[in-house]
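These are my notebook entries on one chain, written down in the order in which I looked things up. The sequence and the structure come first, and my notes follow.

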Amino acid sequence: MAGTHTVLLTLLPIVLILIVLAGVENAAVKGVKDSKAQAGASKEVFMPASDASNFFKHRGRRSPRTYEEYYAEQRVKMAANERRREHLEEQNNEYENYLEEERDEQYERTREKNEQWREFHYDGQYPRYPHHRQYV
């Protein structure tokens, strides 16, 4: 019995919505008699049937493109390639700057570490570097 109540309560709003929507007219352009009242608004939004049928007509796949179409397509491709090239060049420059900074820092750390090692291991009796010794 509880299942029947649940089904009826679920179907009741659906039936009410369908009844309300049945009385609503569709959103198509109304006839000539109603268009006089909203002539200004409908002219801005809707177009004549002849223009509407031509609006979605496109050039067939096998028909040749006009020079203007070809040229416009080439300009779009060239602009995209230019943007891509500039972006890659910018990325390359940023990476090169990063590498240069990293190498400089690594060089500085290595130099400091070697200098500290020499100072720690130098006993004062011999010259610091063996290649500075004078051979007899």
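Why are Arg-109 and Glu-105 separated by about one helical turn? I found that the two residues are 4 residues apart in helix α5, and therefore about one turn of that helix lies between them. I keep in mind throughout that this is a predicted model.

Entry on the Arg-109 pair. I looked up the contact itself and noted that the side chains of Arg-109 and Glu-105 meet in a salt bridge, with 4.0 Å from N to O. The cut-off deserves a remark here, because a salt bridge is counted when a side-chain nitrogen of Lys or Arg is within 4 Å of a carboxyl oxygen of Asp or Glu. I then checked exposure: Arg-109 is partly exposed, with a relative accessible area of 42%, and Glu-105 counts as partly exposed at 39%.

Entry on the count of salt bridges. By the rule used here, the count comes to 6 salt bridges, and I went on to two further pairs.

Entry on Arg-111 and Glu-108. I noted a salt bridge between Arg-111 and Glu-108, in which the closest N and O atoms are 2.6 Å apart. Arg-111 and Glu-108 are 3 residues apart in helix α5, so about one helical turn separates them. Arg-111 has a relative accessibility of 33% and therefore counts as partly exposed, and Glu-108, at 31%, counts as partly exposed as well.

Entry on Arg-85 and Glu-82. For this salt bridge I read a distance of 2.6 Å between the closest N and O atoms, and I placed both residues in helix α5, 3 residues apart, which is about one turn of the helix. Arg-85 counts as partly exposed at 42% relative accessibility, while Glu-82 is partly exposed with a relative accessible area of 34%. Following the contacts outward, I found that Glu-82, Arg-85 and Glu-89 are linked in a network of salt bridges.

Entry on aromatic rings. How many aromatic pairs does a search of the whole structure find? The search returned 2 aromatic pairs. I recorded that Tyr-67 and Tyr-71 form a stacked pair, with 5.9 Å from centre to centre and 10° between the planes. The word "stacked" applies because planes under 30 degrees apart are counted that way. Both tyrosines lie in helix α5, 4 residues apart, or about one turn of the helix. Their exposure falls into two classes: Tyr-67 counts as exposed at 59% relative accessibility, whereas Tyr-71, at 42%, counts as partly exposed.

Entry on charge at the surface. I looked for a patch of negative charge on the surface and found one in which Glu-96, Glu-100, Glu-101, Glu-102 and Asp-104 gather. I followed up Glu-101, which is found in helix α5, residues 67-121, and which counts as partly exposed because its relative accessibility is 49%.

Entry on nonpolar surface. Which residues form a nonpolar patch on the surface? I listed Val-7, Leu-11, Leu-12, Ile-14, Val-15, Leu-16, Leu-18 and Ile-19, which together have about 750 Å² of accessible area. From this patch I took Ile-19 for a closer look: its place is in helix α1, residues 2-22, and at 57% relative accessibility it counts as exposed.

Entry on the chain as a whole. I left the overall description to the end, and noted that the secondary structure comes to 5 helices and 0 strands, so that, by the way these elements are assigned and numbered from the N terminus, the order reads α-α-α-α-α. The chain exposes about 13700 Å², of which carbon and sulfur atoms supply 58%. Buried residues make up 0% of the 136 residues in the chain, where buried means under 20% relative accessible area.

Terms used: Residues numbered from 1 in each chain as written. Predicted model: local features only at pLDDT ≥ 70, side-chain atom pairs only at ≥ 80, totals over all residues. Heavy atoms only, no water. Patch = residues over 30% accessible without salt bridge, like charges linked within 9 Å, V, L, I, M, F, W, Y side chains within 5 Å. Areas by Shrake-Rupley, 256 points an atom, 1.4 Å probe, with all protein chains shown as cover. Lys, Arg positive; Asp, Glu negative; His and termini not counted. Charge placed at Lys NZ, Arg CZ, Asp CG, Glu CD. Buried < 20%, exposed > 50% of the residue type's maximum accessible area, 1.4 Å probe, protein only. Phe/Tyr/Trp six-rings, centres within 6.5 Å; stacked < 30°, edge-to-face > 60°.
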